[in-house]
Amino acid sequence: MFVCEMMKSEHLNNLSPANLRLLIRQKDPRIKTTTGLANGYQQANVVVLPNQLADDFHAFCRSNPAPLPLLYRSQSGETSCPPLAQHTCCRRFTFGSRPGSWSDMVCFYLGCSFGFEGRLKEAGVPVRNVEQGKNVSMYRTAVPCVPAGAFSCPLVVTMRPVPAALLDAAVKVTHLNPLAHGAPVHVGDPALLGIQDLSRPDYGDAVELQPGDVTVFWACGVTAIEAILSKPPLAFSHSPGCMFLTDIPDSPTSTITPPTEAKPHPELTPLCFQVSQNPLLYSLVSQGTVAKIRQLEVMIGEDPGERGIRALFVQDELLRSCLALSHSSSVAITTGFPTHYMHSPPDETDGPPGAIAMATMLLSLGKQVTMVTDRRALEMNRAIIDESVRTGVLKAVIPLVTFEDGGPDAARHFLCHHGDPNKPRFDHLVAIERSGRAADGNYYNMRAVNIKHLVDPVDDLFIAAKHIPGIGTTGIGDGGNELGMGKVKEKVQSLMPKGGLIACEVPADHAVTAGVSNWGGYAVACGLYLLHTCPAHLRYLRKGLGLEPVTSTEQLQDWTTNLPSVEKEESFLSTLVQFGIRSGKTGHLAMEVDGLTFHPTHSDMITRLLWDRLTAASAGRWRNCRVKSFSLCLFISK
């Protein structure tokens, strides 16, 4: 009794899980929820089910590891949980008006995000719900969990406001504790999860955001409550926010951590990057993958044509563009720079190869792709696409459309179903080596010749997209006069030859600069491949649902064959030359782009993009890599 009185006089935060459990059993009035308690230890959700449903629920947990990280499954009728806590037991319940048989019941203990709150505070990340003396906010989302057996339900998430400057810290800390749901499954606009009103959580309390905070969402074990609400005739669970306190440390190397969840290599630790502003969306990607994509970005910035393109470089534009495209579902790609106004056709060989490389990879990832071209070039580009299918560069025909000025609402109607901004047809627009509108309304080549009469107003689509939530934009260029380069307009005007006249006025969300624009397209394709072989990014895309995001060998082989290769790019350039399309800088009707011959300049760049970056071993993922006939062949460890 004396010990209990001493505990009651001591601050709750200083007590061990065992002592806190004792106070909870004594119904200590100070303990309303367990948030902020037992820092340094895992907490657990508890679900008690009839034995005949236990295997189904176990499978449901395995299929949805982020919301339902299984700490322990009891034997039928077992009241204790020795791996989690000594000297404790689940109470036996009276089932309705008659005694029930506890021997028919199975207890599941599932990790809880309260287990990482102490680590967040240690890292300097404020835990707003604890600061405000509230239970954490929990929301039912529109994201369905992976069903298993008798169980299916929507994902439930917790929300913690985090200052934007501390997002990386919050992600890193929680990533290290997979048994407490791991890294966030969404960062940004709650509406993207189907949450319409933060002030009305489905469970817990509404937590107030402070200026500069971003809403960060973690998978939540209350998903289990949603799963059992309508399934078994009899089940029990904890009350949301009132968890079982375990004696297990919150370290990633705790004794119950499965071998596959051991402390990860630093290269696998995720970082957080903003992808869009409207709606606000961040994405996660591992440090190792970030490093590889940054290397791609540096490589394509080489300037063999000596245009001075390095002056326009902004770090991570390639990374952010690839992340935005990874989150997209329907992409429109436009290209075409009629620099040779004295020839027919007037187009150049830079742009279309990069556009086709991006389209091919996007299609292999399950995205919808549409190509946008000028009316004058429609039939020619249709024929080029048909020929590319015939030669095997493309697996199928890509839809090809035009956009012409049809009044003030034409762009909105092109981009959105019935002109409704809430129903966009596309969620990303990409312009690669596409003539960009200058400040005076004209379109100029690098010689400052006005070619406006050959260019349809595709720029209007990028301008309109700025005012339509959910449509992002990317511009890829090598001179500053391309569509989308308005983002670096001041640099173009001051640092590029004739920049004051030729600089594109129209910005894109992401401006990727390259020594040759095609190289930017190749790098986007490679970047998308890297993202989709990055476990941290795949987990984030899938909201932590589904079995571990291990990509199948067959899928990897498909993505690999859809990367650009020397053989495919040489074949496609040959097709362009057959159609009379010329090198941009010289006007030669030859196997060159921007005055640089395909061999060795462009073929070497393609080989390096593939070999130097995609075969870099990371965390033992690749066992053996080699290049054969200039194509990348990957052999994946099983």
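Here are a few exercises with worked solutions on the predicted model shown above.

**Exercise 1. Getting an overview**

Find how many helices and strands the protein has, and what share of its residues is buried.

*Solution.* Start with the elements: there are 20 helices and 23 strands. Next, turn to burial: of the 638 residues in the protein, 58% are buried. Finally, look at contacts between residues at least 6 apart in sequence: 73% of these join residues at least 24 apart.

**Exercise 2. Reading a sheet**

Work out the order of the strands in the open sheet of 6 strands, and say which are the edge strands.

*Solution.* Step one is the order, which runs 6-7-9-8-13-12, with antiparallel pairing. Step two is to look for strands that pair on one side only: these are strand 6 (137-144) and strand 12 (270-277), the edge strands. Step three is the twist, which averages 35 degrees from one strand to the next.

Now zoom in on one pair. Strand 8 (residues 186-188) and strand 9 (residues 213-219) run antiparallel and share 2 bridges. Here V187 has V216 of strand 9 as its bridge partner.

**Exercise 3. Helices on the sheet**

Identify which strands helix 6 and helix 8 touch as they pack on this sheet.

*Solution.* Take helix 6 (residues 167-175) to begin with: it touches strand 7 (154-163), strand 8, strand 9, strand 12 and strand 13 (280-286). Its direction makes about 135 degrees with that of strand 12. Then take helix 8, which touches strand 12 and strand 13. The direction of helix 8 makes about 95 degrees with that of strand 13.

**Exercise 4. Two helices together**

Decide whether helix 8 and helix 16 are roughly parallel or roughly antiparallel, and list the residues that bring them into contact.

*Solution.* First, get the geometry: helix 8 (residues 287-300) and helix 16 (residues 517-531) have axes 10 Å apart and pack at about 170 degrees. Second, apply the cut-off: angles over 145 degrees count as roughly antiparallel, so the two helices are roughly antiparallel to each other. Third, list the contact: helix 8 contributes T289, K292, I293, L296 and I300, while helix 16 contributes W519, G520, A523, C526, G527, L530 and L531. Fourth, sort these residues: 8 are nonpolar, 3 polar and 1 charged.

**Exercise 5. Checking one helix**

Compare the reach of helix 19 with its expected span, and name its buried residues.

*Solution.* Helix 19 (residues 566-578) has 13 residues. From first C-alpha to last it reaches 18 Å, close to the expected 18 Å. Its buried residues are V566, K568, E569, F572, L573, T575, L576 and V577. After the helix comes G580, with a positive phi near 85 degrees.

Notes. Residues numbered from 1 in each chain as written. Predicted model: local features only at pLDDT ≥ 70, side-chain atom pairs only at ≥ 80, totals over all residues. Heavy atoms only, no water. Axes fitted to C-alpha atoms, helices over the stretch in contact; angles between N-to-C directions. Helix = DSSP H or I, 4+ residues; strand = E, 2+ residues; numbered from the N terminus. Parallel < 35°, antiparallel > 145°, perpendicular 65-115°, else oblique. Contact = heavy atoms within 4.5 Å. Nonpolar A, V, L, I, M, F, W, Y, C, P; charged D, E, K, R; others polar. Expected span 1.5 Å × (residues − 1). Buried < 20%, exposed > 50% of the residue type's maximum accessible area, 1.4 Å probe, protein only. Pairing = 2+ DSSP bridges.
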